[in-house]
Amino acid sequence: MDDKNRDFEITPKLVFDLNLALYLDLVAALEGAGAVTYRQMAARVLNISMDARNDGETGLSTVLEGIARGFAGHGDGLSIELLKAARNLREDDALGDIPLRPDED
């Protein structure tokens, strides 16, 4: 290993930050291709955030809600509060949630 890479330490925070950056780039590419909307991603990430808060993971929940707010701010700028109110509605494309995959019988 050369000298300039010797001091580079891979930490859990660095891994998280890089994964998040790649994820956000992927969402932007999918939105650009018309495969998913920012509103759908806001609803999905907000649902995960609310589940994390219910599990006592307040820090993670706060970070995820911030990401959801960023997604919701794109396009038509749907309110996070509206997404929170619609949390228990499933398969509601009008509110931007991604439908659950059908069961395979």
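How many residues does α3 have, and how far does α3 reach from its first C-alpha to its last? α3 has 17 residues and reaches 24 Å, close to the 24 Å expected at 1.5 Å a residue. The expected span here is 1.5 Å times one less than the number of residues in the helix.

Before going on, some ground rules. This is a predicted model, in which local features need pLDDT of at least 70 and side-chain atom pairs count only at pLDDT 80 or more, while totals for chains, interfaces and linings use all residues. Residues are numbered from 1 along each chain as its sequence is written, and side-chain values use heavy atoms, with hydrogens and water left out.

Confidence comes next. pLDDT is the predictor's confidence in each residue, from 0 to 100. The protein chain averages 75, and 73% of the residues score at least 70. Among the elements, helix α4 (residues 58-72) has the highest mean pLDDT, 87, and helix α1 (residues 3-6) the lowest, 62. Over residues 91-95 the pLDDT stays under 50, and the model has 14 contacts for them beyond four places in sequence; contact means heavy atoms within 4.5 Å. Where pLDDT is low, the predicted coordinates should not be read in detail.

Now the overall layout. The protein chain has five helices and zero strands. Both are DSSP runs numbered from the N terminus: helices are H or I with at least four residues, strands E with at least two. Of the 105 residues, 26% are buried, where buried means under 20% relative accessible area, exposed over 50% and partly exposed in between, with a 1.4 Å probe and protein chains only. Of the contacts between residues at least 6 apart in sequence, 49% join residues at least 24 apart.

Let us take α2 and α3 as a pair. Helix α2 (residues 12-32) has 21 residues, which should span 30 Å at 1.5 Å a residue, and its end C-alpha atoms are indeed 30 Å apart. After α2 comes G34, with a positive phi near 80 degrees; just after α3, G56 also has a positive phi, of about 90 degrees.

Two packed helices are described by the angle between their axes and the distance between the axes. The axes of α2 and helix α3 (residues 38-54) come within 10 Å and cross at roughly 140 degrees. That makes α2 oblique to α3. Axes are lines fitted to C-alpha atoms, for helices over the stretch in contact, with angles from 0 to 180 degrees between N-to-C directions. Under 35 degrees counts as roughly parallel, over 145 as roughly antiparallel, 65 to 115 as roughly perpendicular, and the rest as oblique.

Where they meet, α2 brings Y23, V27, A28 and E31, and α3 brings Y38, M41 and V45. Y23 is partly exposed, with a relative accessible area of 33%. Beyond four places in sequence, Y23 touches M41, V45 and F71.

The buried residues of α3 include M41, V45, L46 and S49. Their cover includes α2, α4 and α5 (80-85).

Last, two residues of α4. E65 lies in this helix and is buried, at a relative accessible area of 12%. Leaving aside residues up to four places away in sequence, E65 touches L46, S49, R53, I80 and K84. A72 is in α4 too, and A72 is buried, at 6%. Its C-alpha is 9.1 Å from that of L83, 11 residues apart along the chain.
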